[in-house]
Amino acid sequence: DIATTPPDSIIFAGSKGREYRSLSQETHSLAIPSEQQEKLAGLTDDLRSFVKNPNYEKFSLIGSGFQQKFGQLTIARQDISGSIPDAESRDFIASVKDLVAKHDPDMQTFRIEDTGLDIEITLTLGDREDGENCKEFDKGDGVLFLDSEIGLGISEGPTLVCGDTGGDVPMARVCAGKSGNTYAVFVTTDTALREKVARACPNHFFVSQPDILITILYYISKMNQSNSGKQ
């Protein structure tokens, strides 16, 4: 809603790829079963009330804050400055897990991922009667959905995947699995994350700051404009 990009020039996707806005400004999404939607709505209401508690309100104001997405909830437990004491942050995530368990005691509907900064609560995908085939919806699933809907061409490439957390690695893995003409650029100095990216995508590069990646993409776009002008 606040993007300055011309509306007919780019397709925006969100919620790990569960939804997207087409060039014609129409919103499309991957269907969510009604039972899951009801549980998500109930958990959303409880979590929203939970973070209004004076003891927990700070978590809705730091970092990512509290975000209601399509098929997912995100609540910060820490920020990049480490402004929340570790013990308090750990107590908070334990309380959030208890709240999720209240709505999903068998853990068949939700999956919880702790990124170190955020708590991501995501709806599962697959047969919830069969625990082995039941998994959280990740960004790799989102890429496959978008490819089927709008034709990303990931089987042919070239495809560029950019990310900065472990939650972005499935995008690189899925695209690289479809085509060797896939490249991943991650903003991270984390050795463990770099190793995950390297295993997921052979053509990988790393930068230490977001501004470096933005500058690279800017210069590439300028080069492409110049080449187009010559043609």
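The following legends describe close-up views of a predicted model.

**View 1. Helices H1 and H2 cross with their axes within 10 Å of each other.**
Two packed helices are described by the angle between their axes and the distance between the axes. Helix H1 covers residues 34-50 and helix H2 residues 86-103, and their axes cross at roughly 145 degrees. The crossing of H1 and H2 is right-handed. From H1, the contact is made by Lys-39, Gly-42, Leu-43, Asp-46, Leu-47 and Phe-50. From H2, the contributing residues are Phe-92, Ser-95, Val-96, Leu-99, Val-100, Lys-102 and His-103.

**View 2. A salt bridge within helix H1 pairs Asp-45 with Arg-48.**
Side chains of opposite charge can pair when their charged atoms come close. The structure holds six salt bridges, including the one between the side chains of Asp-45 and Arg-48, with an N to O distance of 3.7 Å. Both residues belong to helix H1 and are three residues apart, about one turn of the helix. Asp-45 is partly exposed, at 46% relative accessible area, and Arg-48 is also partly exposed, at 29%.

**View 3. Lys-58 and Glu-88 form a salt bridge between a loop and helix H2.**
The side chains of Lys-58 and Glu-88 meet with an N to O distance of 2.8 Å. Lys-58 is placed in the loop between H1 and strand E4 (66-69), whereas Glu-88 belongs to helix H2, so the salt bridge ties together parts that are 30 residues apart in sequence. Lys-58 is partly exposed, with a relative accessible area of 33%. Glu-88 is likewise partly exposed, at 27% relative accessibility.

**View 4. Asp-114 and Arg-77 form a salt bridge between strand E6 and a loop.**
The closest N and O atoms of Asp-114 and Arg-77 are 2.8 Å apart. Asp-114 lies in strand E6 (residues 110-114) and Arg-77 in the loop between strand E5 (72-76) and H2, so this pair ties together parts that are 37 residues apart in sequence. Asp-114 counts as partly exposed at 38% relative accessibility, whereas Arg-77 is buried at 13%.

**View 5. Lys-16 and Met-107 have positive phi values.**
Most residues other than glycine have a negative phi, and most peptide bonds are trans. Lys-16, which is not a glycine, has a phi near 60 degrees. Lys-16 is located in the loop between strand E1 (12-14) and strand E2 (19-21). With a relative accessibility of 13%, Lys-16 counts as buried because the limit for a buried residue is under 20%. Met-107 has a positive phi of about 55 degrees and is found in the loop between H2 and E6. Met-107 is partly exposed, with a relative accessible area of 30%.

**View 6. A cis peptide bond joins Gly-157 and Pro-158.**
The omega angle of this bond is about 0 degrees. Pro-158 lies in the loop between helix H3 (139-150) and strand E9 (159-163). Gly-157 is also among the contacts of Ser-179, together with Ile-154, Ser-155 and Glu-156, when neighbours of Ser-179 within four places in sequence are left aside.

**View 7. Helix H4 and the loop after it contain buried residues.**
In helix H4 (residues 169-178), the residues Val-169, Pro-170, Met-171, Ala-172, Cys-175 and Ala-176 are buried. The cover over these buried residues includes H3, E9, strand E10 (182-187) and helix H5 (191-200). Ser-179 is located in the loop between H4 and E10. Ser-179 is buried, with a relative accessible area of 9%. The C-alpha atoms of Ser-179 and Ile-150 are separated by 18 Å, and the two residues are 29 residues apart along the chain.

**View 8. Seven residues make a nonpolar surface patch of about 600 Å².**
The patch is made by Leu-160, Tyr-183, Phe-205, Ile-212, Ile-216, Leu-217 and Ile-220. Helix H6 (residues 210-230) gives the most to the nonpolar patch, with four residues. Ile-220 lies in helix H6 and is partly exposed, with a relative accessible area of 39%. That value allows Ile-220 to be part of a patch, because patches are made of residues with over 30% relative accessible area and no salt bridge.

How values were computed. Residues numbered from 1 in each chain as written. Predicted model: local features only at pLDDT ≥ 70, side-chain atom pairs only at ≥ 80, totals over all residues. Heavy atoms only, no water. Patch = residues over 30% accessible without salt bridge, like charges linked within 9 Å, V, L, I, M, F, W, Y side chains within 5 Å. Areas by Shrake-Rupley, 256 points an atom, 1.4 Å probe, with all protein chains shown as cover. Salt bridge = Lys/Arg side-chain N within 4 Å of Asp/Glu carboxyl O. Helix = DSSP H or I, 4+ residues; strand = E, 2+ residues; numbered from the N terminus. Buried < 20%, exposed > 50% of the residue type's maximum accessible area, 1.4 Å probe, protein only. Axes fitted to C-alpha atoms, helices over the stretch in contact; angles between N-to-C directions. Left-handed = near helix turned anticlockwise from the far one by under 90°. Contact = heavy atoms within 4.5 Å.
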